[in-house]
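Student: I would like to go through this protein with you, one question at a time. Could we begin by looking at the sequence and the structure together?

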Amino acid sequence: MQEIEKLQKRINTAKTSIILVAVLTIANTVLIAINSDMVFTFSAYVPQLVTFIFADMAADMQEKSYLYIGIAIAILMALIYVALWLGAKKKNVFIIVALVLFGIDSAVLLYDISSYFQASYFIDIAFHAWVIYDLILGIIAYSKLKKIPVEEMQQNSEQVNYYNPCPQNAEDNNTPDDSSVQQ
């Protein structure tokens with residue numbers, strides 16, 4: 001596998017981690033909302049914490065609206081990761097923003113662990129470390145990819161045979177050479 005393809009694969013892995021966090025966080029919010037005995041430990045921590053806090057408020061005050069507010073806030077937090085994933089499809093800088101947000105989420109998790117420890121936090125810590133690792137590697141790959149000369153990128157794209165889902169348009173895939181492009 002060529003270096004450029006490896007770097008692009010690493011960036012795509014980071015993007016996949018972002019959407020994984022979003023999907024699992026939404027799933028956890030729903031599970032908490034329906035008072036399920038099962039909750040995934042593989043998700044962002046702060047939205048779970050918000051849901052639990054508002055669920056406790058709803059129980060204490062016997063007012064369901066607090067639970068709904070907590071669920072809405074948690075889902076909005078998860079949707080931020082969805083937006084970052086969508087943004088990262090076009091601009092890789094969104095991976096950096098996701099790293100910052102997930103780093104804050106991890107700091108809150110570590111703070112809570114220092115005051116209230118449970119064995120299940122080991123899995124949360126491992127998941128957070130894995131996501132942060134993937135995001136950092138994606139950012140490193142992005143910075144290396146930016147340093148590759150344009151000529152080498154073009155040469156790489158000419159050497160790779162891509163699947164064309166519309167073979168009838170194959171003659172339209174010709175790109176103009178540099179002499180025909182007006183600057």
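Tutor: Before we start, keep one definition at hand: a salt bridge is a side-chain nitrogen of Lys or Arg within 4 Å of a carboxyl oxygen of Asp or Glu. This is a predicted model, in which local features need pLDDT of at least 70 and side-chain atom pairs count only at pLDDT 80 or more, while totals for chains, interfaces and linings use all residues. Residues are numbered from 1 along each chain as its sequence is written, and side-chain values use heavy atoms, with hydrogens and water left out.

Student: Which side chains meet in a salt bridge, and what is the N to O distance?

Tutor: The structure holds one salt bridge, and general chemistry tells us that side chains of opposite charge can pair when their charged atoms come close. The pair links distant parts of the chain, with one partner in helix α1 and the other in helix α5, 124 residues apart. Helices here are DSSP runs (H or I, at least four residues; strands are E, at least two), numbered from the N terminus. The side chains that meet are those of R10 and D134, with an N to O distance of 3.1 Å.

Student: Is D134 buried or exposed?

Tutor: We judge this by relative accessible area, where buried means under 20%, exposed over 50% and partly exposed in between (1.4 Å probe, protein chains only). Its partner R10, at 27%, is partly exposed. D134 has a relative accessible area of 5%, and therefore D134 is buried.

Student: How many helices and how many strands does the protein chain have?

Tutor: Reading from the N terminus on, the elements run α-α-α-α-α-α. The secondary structure of the protein chain therefore comes to six helices and zero strands.

Student: Which helix gives the most to the largest nonpolar core?

Tutor: A nonpolar core is a set of buried Ala, Val, Leu, Ile, Met, Phe, Trp, Tyr and Cys residues joined through side-chain atoms within 4.5 Å. The largest one has 22 residues, and those with the most contacts inside it are I18, V21, Y81, I95, F102 and L135. At least two residues come from each of α1 (3–33), α3 (64–90), α4 (93–115) and α5 (121–147). The helix that gives the most, with eight residues, is α1.

Student: Which residues does I95 touch, not counting residues up to four places away in sequence?

Tutor: Contact means heavy atoms within 4.5 Å. I95 is one of the residues with the most contacts inside the largest nonpolar core. Leaving out residues up to four places away in sequence, I95 touches I11, A14, K15, I18, A88, L135 and I139.

Student: In helix α5, is V131 buried or exposed, and with which residues is V131 in contact beyond four places in sequence?

Tutor: V131 counts as buried because its relative accessibility is 1%. The C-alpha atoms of V131 and L20 are separated by 9.3 Å, although these residues are 111 residues apart along the chain. Leaving aside neighbours within four places in sequence, V131 is in contact with S17, V21 and F102.

Student: What about I132 in the same helix, α5: which residues does I132 touch, not counting residues up to four places away in sequence?

Tutor: I132 counts as partly exposed because its relative accessibility is 22%. The C-alpha atoms of I132 and S106, 26 residues apart along the chain, are separated by 9.0 Å. With residues up to four places away left out, I132 touches L99, F102, G103 and S106.

Student: How far apart are the end C-alpha atoms of α3?

Tutor: The expected span of a helix is 1.5 Å times one less than its number of residues. For the 27 residues of α3 this gives 39 Å, which agrees with the distance in the model, where the end C-alpha atoms are apart by 40 Å.

Student: Where is Q62, and what is its phi?

Tutor: Q62 is in the loop between α2 and α3. Q62 counts as exposed because its relative accessibility is 72%. Its phi has a positive value in a residue other than glycine, and that value is near 50°.
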